[in-house]
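Please open the structure in a viewer with secondary structure and residue numbering displayed. The stops below indicate what to select in turn.

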Amino acid sequence: MILIKPELVNTVVIIPAFNEASSIGDVINQLSTYGPIIVVDDGSTDGTLELCESRGVTVISHESNLGYGRAIKTGLGAASELNYQYAITIDADGQHNVTDVVKIYELLEDGFDLVCGNRQSFPRLAEQIF
């Protein structure tokens, strides 16, 4: 059986972004077949906000840069308000394999409450603690 980019039922992808105009367009294009996307623009000054708005995704914008953690919190809050069952976060810089959202979704559907990926190098302090 071949799995072809299904729409993930009742799932939203959250992309926190700060000055990612050079990469976020490709990330959005790759993720758009999976379902709805919320981009949290964290005070970008490089055109990230305008690029995301032109792509037709939901965009929440911070007036100033509040940091990655706050952008994730904003996105998760919006997902909750919009009654999504699952929220999957993907970075805007293209470092994540977007096809992994299917694997994450399947684990969530199998009963896991949280699925957490990790970086192979240079994890954030919060990721090390988590």
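The tour proceeds from the whole chain to the sheet, then to the helices and two loop residues.

This is a predicted model, in which local features require pLDDT of at least 70 and side-chain atom pairs count only at pLDDT 80 or more, while totals for chains, interfaces and linings use all residues. Residues are numbered from 1 along each chain as its sequence is written, and side-chain values use heavy atoms, with hydrogens and water left out.

**Whole chain.** Select the protein chain and colour it by secondary structure: it has 5 helices and 4 strands. Helices (H or I, at least four residues) and strands (E, at least two) are DSSP runs, numbered from the N terminus. Read from the N terminus, the order of elements is β-α-β-α-β-α-β-α-α. Of the 130 residues in the chain, 36% are buried, where buried denotes under 20% relative accessible area, exposed over 50%, and partly exposed in between (1.4 Å probe, protein chains only). Switching to a surface display shows an accessible surface of about 8,000 Å², with 51% belonging to carbon and sulfur atoms; the areas come from the Shrake-Rupley method with a 1.4 Å probe, and for residues only the protein chains shown count as cover.

**The sheet.** Next, select the strands. The 4 strands form an open sheet in the order β3-β2-β1-β4, with parallel pairing; two strands pair if DSSP finds at least two bridges between them. At the edges are β3 (58-62) and β4, each pairing on one side only. From one strand to the next, the twist averages 25°. Now restrict the selection to β2 (residues 37-42) and β3, which run parallel and are joined by 5 bridges. Within this pair, Val-39 stands opposite Val-59 in β3.

**Helices across the sheet.** Add α3, which lies across β1, β2, β3 and β4 and runs at about 145° to β2. Then add α4 (residues 100-109), which lies across β1 and β4, at about 145° to β4. Axes are lines fitted to C-alpha atoms, for helices over the stretch in contact (heavy atoms within 4.5 Å), and angles run from 0 to 180 degrees between N-to-C directions.

**Two loop residues.** Select Asn-19, in the loop between β1 (11-17) and α1 (24-31). Its phi is near 50°, a positive value in a residue other than glycine, and Asn-19 is partly exposed at 28% relative accessible area. Finally, select Asn-83, in the loop between α3 (68-81) and β4 (86-89). The phi of Asn-83 is near 65°, likewise positive in a residue other than glycine. Is Asn-83 buried or exposed? With a relative accessibility of 61%, Asn-83 counts as exposed.
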